[in-house]
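Here are my notes from going through the model, point by point. Have it open next to you while you read.

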Amino acid sequence: MEIVVIGTGYVGLVTGVSLSEIGHQVTCIDTSIEKITKLKKSISPIYEPGIEELIEKNVAANRLFFGTDLQAAMKNKKIVYLTVGTPQNPDGTANLVYLEAAAIDIAKSMVQDTIVVVKSTVPVGTNEKIKKLIEENTQFNVAMVSNPEFLREGSALVDVFEGDRIVLGANDKKALETIAEVNNAFAIPIYKTNLESAEMIKYASNAFLATKISFINEIANICEKTGANIEQVSTGMGLDSRIGSKFLNAGIGYGGSCFPKDTAALSQIAGTVNHDFKLLKAVIEVNEKQKLKLVDVLKTEVSHLQGKKIALLGLAFKPETDDIRESASQVIIENLLVAGANIHVYDPIAQAGIQAIFGDEIVYEKDIESTIIEAEAVLIITEWDEIKAIKPAIFKKLMRQPIVLDGRLIYNKAEMSSLGIKYYSVGDGTNASYKTDY
């Protein structure tokens, strides 16, 4: 089928590429000339393993096209995917300005009855509002389908082609079946609902996963006070099929573009229907506190941080992405700057994003060794393979005093201790000296 995808951000680009990969002819539209110019050269504006290869492959096969002219793109197309961002407003609600602007553009570009598929994460009821907005600006009929994305940055292509389910919601049966046909080639179970349920499924899914993360971090904090080890506890819990092992990795909280935004939005949605979502509020509160766990431990180990070199390894909120949105690294850097620390950082991909925020207030290193040399302490923020592969002896050799605070539980405590390295990992209650007041 011939399809238009509006937006070439993370969701839009992955959507367009994957639809072309299963045989559809897809035109991706964006207002950014810079983005489109790069994409026509098979240069991706986002960091996602494997995506440039698929862009190049499908462009060469004449299945994938890029442009800025929506009206020209829609000339013979009756299916449009809407993937523009819905960023968070200061009050936590979803900002629908870009979505609404794109909807009006669609209305003015339609030349026939059209199916609009919304992949953007939107509050319940938004699809119906968008439908009304489009109909007010066109003579043609529009059918809405909600098709929320469940992509993990760094493994988005795996999620597309090996996902657990595809959720499609519509109040128009014919449109629902048409978009189901579009997705059949993915060979993934398709779950069909009404519009409102599909919109809620996305928020509910992300909120539940965020809850698992905050829950296991609270258990980790209790482990530190009781002598238990969180890795053993989470493994034992995960063996229960009712619980499962995924999202039970303790650490320094969740970040990125989805969980923080979606939990805040769902809390606001609950408020609009006069429901006090106390559990979700606690999840958000726990996560914000957890981001500062390493700073609190650091202050017990290194007195008077003023002028002391503190190294951060990893800046992205997770490995295999350059996304630093809502990352623990930002909160940690802010607090260390207030304390007067001399901060040196390294990340293989995400340094540009942090530099755009902090400028010359911190030092950006080219490799791990230059980051940790003569450091008073090292904070492990992101579990990149490069960071996981560090030989512990390097800490002992290069640091002024070997203190390693591990926010991602990636090193072996016994090996670190045998080398004389003072090592803290979140949730390890077997080291009484690191019991905190959490």
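1. Start with D323 and its neighbours. Leaving out residues up to four places away in sequence, D323 touches E153, G256, S257, A316 and F317. Bear in mind that this is a predicted model. As for where D323 lies, look in the loop between strand 9 and helix 14 (328-338).

2. Is D323 buried or exposed? Its relative accessibility comes out at 6%, so D323 counts as buried, the cut-off for that being under 20%. The side chain of D323 also has a polar partner: it reaches the backbone nitrogen of R325 at 2.9 Å. For a sense of scale, D323 and S267 sit 56 residues apart in sequence, with 24 Å between their C-alpha atoms.

3. Just along the chain, have a look at helix 14 and helix 15 (residues 351-358). Their axes are 12 Å apart and they pack at an angle of about 40 degrees. Helix 14 and helix 15 are therefore oblique to each other, and their crossing is right-handed.

4. Which residues make that contact? From helix 14 you get S329, Q330, I333, E334 and L337, and these meet I354, I357 and F358 of helix 15. Sorted by class, the contact of helix 14 with helix 15 has five nonpolar residues, two polar and one charged.

5. The other helix pair I'd look at is helix 9 (residues 195-226) with helix 10 (residues 230-238). Here the packing angle is about 135 degrees, and the axes are 9 Å apart. That makes helix 9 and helix 10 oblique to each other as well, and helix 9 passes helix 10 in a right-handed crossing.

6. On the helix 9 side, F215, I216, I219, A220 and C223 do the touching; on the helix 10 side, they meet I230, V233, S234 and M237. By class, the contact of helix 9 with helix 10 splits into eight nonpolar residues, one polar and no charged ones.

7. Last stop, K308, which you'll find in the loop between helix 13 (293-301) and strand 9 (309-313). How accessible is K308? At 25% relative accessibility, K308 counts as partly exposed. Its contacts, again not counting residues up to four places away in sequence, are V302, S303, A341, N342 and E376.

8. One of those contacts is worth zooming in on: the side chain of K308 reaches the backbone oxygen of S303 at 3.2 Å. If you want a long span to check, try K308 and V118, which are 190 residues apart along the chain, with their C-alpha atoms separated by 50 Å.

Technical notes: Residues are numbered from 1 along each chain as its sequence is written. This is a predicted model: local features need pLDDT of at least 70, side-chain atom pairs count only at pLDDT 80 or more; totals for chains, interfaces and linings use all residues. Side-chain values use heavy atoms; hydrogens and water are left out. Helices (H or I, at least four residues) and strands (E, at least two) are DSSP runs, numbered from the N terminus. Buried means under 20% relative accessible area, exposed over 50%, partly exposed in between (1.4 Å probe, protein chains only). Contact means heavy atoms within 4.5 Å. A polar contact is a pair of N or O atoms within 3.5 Å; within protein, one must be able to donate a hydrogen and the other to accept it, and residues adjacent in sequence count only if both atoms are side-chain atoms. Axes are lines fitted to C-alpha atoms, for helices over the stretch in contact, and angles run from 0 to 180 degrees between N-to-C directions. Angles under 35 degrees count as roughly parallel, over 145 as roughly antiparallel, 65 to 115 as roughly perpendicular and the rest as oblique. A crossing is left-handed if the near helix is turned anticlockwise from the far one by less than a right angle, and right-handed if clockwise. Ala, Val, Leu, Ile, Met, Phe, Trp, Tyr, Cys and Pro count as nonpolar, Asp, Glu, Lys and Arg as charged, and the others, Gly among them, as polar.
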